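This report describes how the parts of a structure are arranged and where they meet. It moves from the packing of individual elements to the contacts between larger units.

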Amino acid sequence: MIVNQVATQVYPQTLAMEEEPKYPDLSEAERKALEELMPDEMSEIISNGIKRRHFLKLFAVTGTSLLAANLLGIEQLMARSAPVEEQAPVLIENSVAISFQINGGTQKLTVDSRMTLLDTLRERLGLTGSKKGCDHGQCGACTVIVDDKRVLSCLTLVATCQDKRVTTIEGLAAGNELHPMQVSFIKHDGFQCGYCTPGQICSAVALMDEAKNGDASYVTANVREKSKSLTLSNEEIKERMSGNICRCGAYPNIVNAIREVHGDKAVAQVWQFADGTI
Amino acid sequence: MRAFKYSGASDHATAIRVVSANPTAKFLGGGTNLVDLMKEDVMRPSELIEVTRLKYSTIEKKGNGLSIGATATNAATANHELVRDDYPLLSMAILAGASAQIRNMATNAGNLNQRTRCTYFYDVNMPCNKREPGTGCGALHGVNKNHAILGWSEKCVATYPSDMAVALAALNAVVHIEGLNNVTRSIPFGDFHRLPGDHPEIDNNLKHGEFITSIALPANKLAEKSYYLKIRERSSYAFALVSVAAALETNGNKIKDVRIALGGVAHKPWRATVAEQWLTGKEATQANFKAAALAELKNAKPLSQNKYKVRLATTAIIRALEGAMQGGIYGAMEEESMTTNKN
């Protein structure tokens, strides 16, 4: 996509950061995850964010249980989006200056008017949790929450996000606590390859609010009957999650994960990892 | 995507002025259709002006009816208590369309302004009179199983995909519009969208630069017997093969007022006036529903691959009317088609 190439050429922001590594304060969980697993690559990760090769190495070295034990720290590290150094917009046709909230912080950027929110998150802000699946609003992998509503970041021009609050998968955890929906997806194996998962989780989190508001769906028996705090059936959850496609077919586990967060104790599963973690 | 100028509208008069002054400028609502078509290089506006922050998102009682703001989202509209109470047909239809994410983004005016389209329209390597007038219609003798069976022309056989609009057609909605210099006008819903005729490139009767401000729903006594039936190839998040918005007002078992509109069969929401006239004043029986549906579909002209739609539409009309008579409860009419899908 042409837009991305231009953006990459114009904003070599990671380069600028490498010359001057910074050591921001780490949370306990982050420090633990780093020190135990990869002390040699700590500075690189802190300044540039965690990369795929780090993650793969980490996975190979530690195995699943230790990885799970440090998941929170890793999650927090991945949520770190290195502050973007704004540079003079060279070669940008139709540039738009915008400012919006992203996972609790403010970002100010100058973007090409064509930039979608998804490309901005991934290519400019280093928040690669939101995934590009179809890029045409058909798969839901790019789902994020804007002003408390789930939307498709691939069809959202970032220029329209002025002053809005954007929450991505990286922003769901509260401090050291994973979001209950994240915990439940892990617990119920609500994924296989994981590509659609950030979108599924963001969608499911917003869905919980919609159920609390008493919003109706196509399979709601009678839209004229209104009540707050709906209890959703499997059929309701499936219909309401139909904008998120899972190519691996993890749907039954996704539905179970959502049901547990939704308060259904019947689906709470009994197994755990050998070391007692979730 | 091609380059375009972007601005956010501070007031609607400015937005109208900006778009009116540039023949290739467009209003930008939720962008769920327009941005996608721009990515595909099907639509190529040189300028977008974003209008979702304008104060046209109110849903309120007006006279005996309801006024629905142009920039309210589809989700907000479907879940508004006045809509759910008095126009459940509209809630059901909106909720049948797209996905939760898209309904959160899409505006009501944008829903009406989405393009009538088919796969040939989307594929810039294929001929399409709607995309490039004069290039021919690829679907007419091509892959046309999802295409129109009513009201099509040699120039275009695409169908209009909106569910919301099918309900608005049945509800006798009126589209309120403002143009340059505060000139306002309104268009009855049946006249808003167009059949393809010789100009399939024009989907509706809005003039360039005209801005939809609201959609008015007149009062009716149909709320208790309203039903939206959507038939598609998967049980959610797909366009209709055929959909039916059906609503009745009865006196005893005698039909006083009946509204039937079809989606997925024509270039615009198809108001089944033949069936409506046939039924008015008659008993609400399955036999009468069937006779009315057959009368409506008598004029259907299926293409090479979509003869099935004639029978499907006939059956769907009967089922939708039955569903409306049973109080518009979801599940009543879906039962047989859902047997393999139930939990």
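In this predicted model, helix 9 of chain A, residues 197–213, lies across strand 3 and strand 4 of chain A and runs at about 35 degrees to strand 3 of chain A. Helix 9 of chain A also packs against helix 8 of chain A, residues 180–187, at an angle of about 130 degrees, with the two axes 10 Å apart. Because angles of 65 to 115 degrees count as roughly perpendicular and those over 145 as roughly antiparallel, helix 8 of chain A and helix 9 of chain A are oblique to each other. Helix 8 of chain A passes helix 9 of chain A in a right-handed crossing. To this contact helix 8 of chain A brings A:M181, A:Q182 and A:F185, while helix 9 of chain A brings A:T197, A:I201, A:A204 and A:V205; by class, these residues are five nonpolar, two polar and no charged.

The strands beneath this description belong to an open sheet of chain A, in which five strands follow the order 2-1-5-3-4 with mixed pairing. Strand 2 of chain A, residues 105–112, and strand 4 of chain A are the edge strands, each pairing on one side only, and the twist from one strand to the next averages 40 degrees. Strand 1 of chain A, residues 95–102, runs antiparallel to strand 2 of chain A and is joined to it by eight bridges; within this pairing, A:I98 has A:L109 of strand 2 of chain A as its bridge partner.

On a wider scale, chain A is divided into domain 1 (25–79), domain 2 (86–170) and domain 3 (180–267). The centres of domain 2 and domain 3 of chain A, taken over C-alpha atoms, are separated by 24 Å, and their contact takes 15 residues from domain 2 and 13 residues from domain 3 of chain A. On the domain 2 side, strand 3 (143–146) and strand 4 (149–152) of chain A are the elements that give two or more residues, and strand 3 of chain A supplies the largest share, three residues.

The contact between the chains takes 35 residues from chain B and 39 residues from chain A. On the side of chain B, the elements giving two or more residues are strand 1 (5–8), helix 2 (34–39), helix 4 (81–86), helix 5 (88–96) and helix 6 (100–105) of chain B. The table sets out two contact sides by residue class.

| Contact side | Nonpolar | Polar | Charged |
|---|---|---|---|
| Domain 2 of chain A, touching domain 3 of chain A | six residues | five residues | four residues |
| Chain B, touching chain A | 16 residues | 12 residues | seven residues |

Note on methods
Residues are numbered from 1 along each chain as its sequence is written. Chains are lettered from A and ligands numbered from 1 in the order in which they are written. This is a predicted model: local features need pLDDT of at least 70, side-chain atom pairs count only at pLDDT 80 or more; totals for chains, interfaces and linings use all residues. Domain bounds come from an automatic or database domain assignment. Two residues are in contact if their C-beta atoms, placed from the backbone, lie within 7 Å. Helices (H or I, at least four residues) and strands (E, at least two) are DSSP runs, numbered from the N terminus. Ala, Val, Leu, Ile, Met, Phe, Trp, Tyr, Cys and Pro count as nonpolar, Asp, Glu, Lys and Arg as charged, and the others, Gly among them, as polar. Two strands pair if DSSP finds at least two bridges between them. Axes are lines fitted to C-alpha atoms, for helices over the stretch in contact, and angles run from 0 to 180 degrees between N-to-C directions. Angles under 35 degrees count as roughly parallel, over 145 as roughly antiparallel, 65 to 115 as roughly perpendicular and the rest as oblique. A crossing is left-handed if the near helix is turned anticlockwise from the far one by less than a right angle, and right-handed if clockwise.
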